[in-house]
Amino acid sequence: MRDRMRAGQLYKADDPVLRADYEQGQALLHRYNATQPDEDALRKELLLQLLGSCADAVTVQPPFRCDYGRYIHIGEGSFVNYDAIFLDVMPIRVGAGCQFAPRVQLLTATHPVEPEARRAGWESGSPVTIGDNVWLGAGVIVCPGVTVGDNSVIGAGSVVVKDIPADVVAVGSPARVVRSVHGPS
């Protein structure tokens, strides 16, 4: 099932191998979220164990939530504020210099539309990619399969359901481009 999940195919999360991967990630996540504010070195050590990759100058404010952790990659100088949720059944790639406000959600997990398949426990996923120097406002939700281009800004409370190009401001539900980051369009 892990191979199916990683390939973006339908899989069942109750598979013993996936369950063991999940529990390992959750144990590290629990330790991370229990750290004290002055335990920067321990936080960094735990992030390096939890995440697939994490550049040096990265801040992830607890509490943080994810599924496995190992499929998350965060670039140099990025900041993830409180209550972030990264559902990482597929890769989540966050570029360098990103700023995420509280309660941002990056979601790779999805479920079949057909009720029978959902009821049978099937699910799947698509990767999420956030370019360099992206700012996601408070409560932004980025849905499975979406890429947000370099330097873009997504307004608070927006739901991003399709790719956003580089150098734009997008807002709303669903998010739509309203202007360039360099001024009115």
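Start at Phe 86. Leaving aside neighbours within four places in sequence, Phe 86 is in contact with Phe 64, Arg 65, Cys 66, Asp 67, Ile 72, Ile 74, Val 80, Ile 92, Val 94, Phe 100 and Leu 106. This is a predicted model. Every contact described here is computed from that prediction.

Phe 86 belongs to the largest nonpolar core, a set of 38 residues. Six members touch the most other members: Phe 64, Phe 86, Phe 100, Leu 106, Ile 130 and Leu 136. Many elements feed this core. Helices α2 and α3 each supply at least two residues. So do the strands β4, β5 (72-74), β7 (84-87), β8 (92-94), β13 (128-130) and β19 (168-172). Apart from this core lies another, of seven residues. Tyr 11, Tyr 68, Tyr 71 and Met 90 are among them.

Next, the sheet. Five strands form an open sheet in the order β4-β7-β10-β15-β18, and the pairing is parallel. Strand β4 (64-66) stands at one edge and β18 (159-160) at another, each with a single partner strand, so one side of each is left without a neighbour in the sheet. Strands of a sheet pair through backbone hydrogen bonds, either parallel or antiparallel. Look at the β18 end. Two bridges join β18 to β15 (residues 141-142), and these strands run parallel. Within this pair, Ile 141 of β15 stands opposite Val 159 in β18.

Now turn to the loop between α2 (16-33) and α3 (40-50). Thr 35 is found there. Is Thr 35 buried or exposed? Thr 35 is buried, with a relative accessible area of 8%, because buried means under 20%. Not counting residues up to four places away in sequence, Thr 35 touches Leu 42, Arg 43, Leu 46 and Pro 62. Leu 42, Arg 43 and Leu 46 carry numbers within the range of α3. The side chain of Thr 35 also reaches the backbone oxygen of Tyr 32, at 2.8 Å. Ser 53 is another matter. Thr 35 and Ser 53 are 18 residues apart along the chain, and their C-alpha atoms are separated by 20 Å.

Charged pairs come next. The structure holds four salt bridges. One joins Arg 2 to Asp 21, with the closest N and O atoms 2.8 Å apart. This pair links distant parts of the chain: Arg 2 sits in helix α1 (residues 2-6) and Asp 21 in helix α2, 19 residues apart. Arg 2 is partly exposed, at a relative accessible area of 30%. Asp 21 is buried, at 7%.

Asp 21 has another partner. Arg 70 forms a salt bridge with Asp 21, and here the closest N and O atoms are 3.6 Å apart. Arg 70 lies in the loop between β4 and β5, while Asp 21 is in helix α2, so the pair ties together parts that are 49 residues apart in sequence. Arg 70 is partly exposed, with a relative accessible area of 30%.

Another salt bridge brings together the side chains of Asp 83 and Arg 103, at 3.2 Å from N to O. This pair also links distant parts of the chain, 20 residues apart. Asp 83 lies in the loop between β6 (79-80) and β7. Arg 103 lies in the loop between β9 (99-100) and β10 (105-107). Asp 83 is partly exposed, with a relative accessible area of 29%. Arg 103 counts as exposed, at 55% relative accessibility. Which residues do shared partners join into one network? Arg 2, Asp 21 and Arg 70 are joined in this way.

Finally, the cysteines. How many disulfides does a search of the whole structure find? The search finds zero. Cys 54 is in no disulfide, and the nearest cysteine sulfur, that of Cys 66, is 12 Å away. Why is there no bond between Cys 66 and Cys 54? The closest cysteine sulfur to that of Cys 66 is in Cys 54, and 12 Å is too far for a bond. Cys 54 counts as buried, at 11% relative accessibility. Cys 66 is buried too, with a relative accessible area of 5%. Cys 66 also returns us to the start, as one of the residues in contact with Phe 86.

Methods. Residues are numbered from 1 along each chain as its sequence is written. This is a predicted model: local features need pLDDT of at least 70, side-chain atom pairs count only at pLDDT 80 or more; totals for chains, interfaces and linings use all residues. Side-chain values use heavy atoms; hydrogens and water are left out. Two strands pair if DSSP finds at least two bridges between them. Helices (H or I, at least four residues) and strands (E, at least two) are DSSP runs, numbered from the N terminus. Buried means under 20% relative accessible area, exposed over 50%, partly exposed in between (1.4 Å probe, protein chains only). Contact means heavy atoms within 4.5 Å. A polar contact is a pair of N or O atoms within 3.5 Å; within protein, one must be able to donate a hydrogen and the other to accept it, and residues adjacent in sequence count only if both atoms are side-chain atoms. A nonpolar core is a set of buried Ala, Val, Leu, Ile, Met, Phe, Trp, Tyr and Cys residues joined through side-chain atoms within 4.5 Å. A disulfide is a pair of cysteine sulfur atoms within 2.5 Å.
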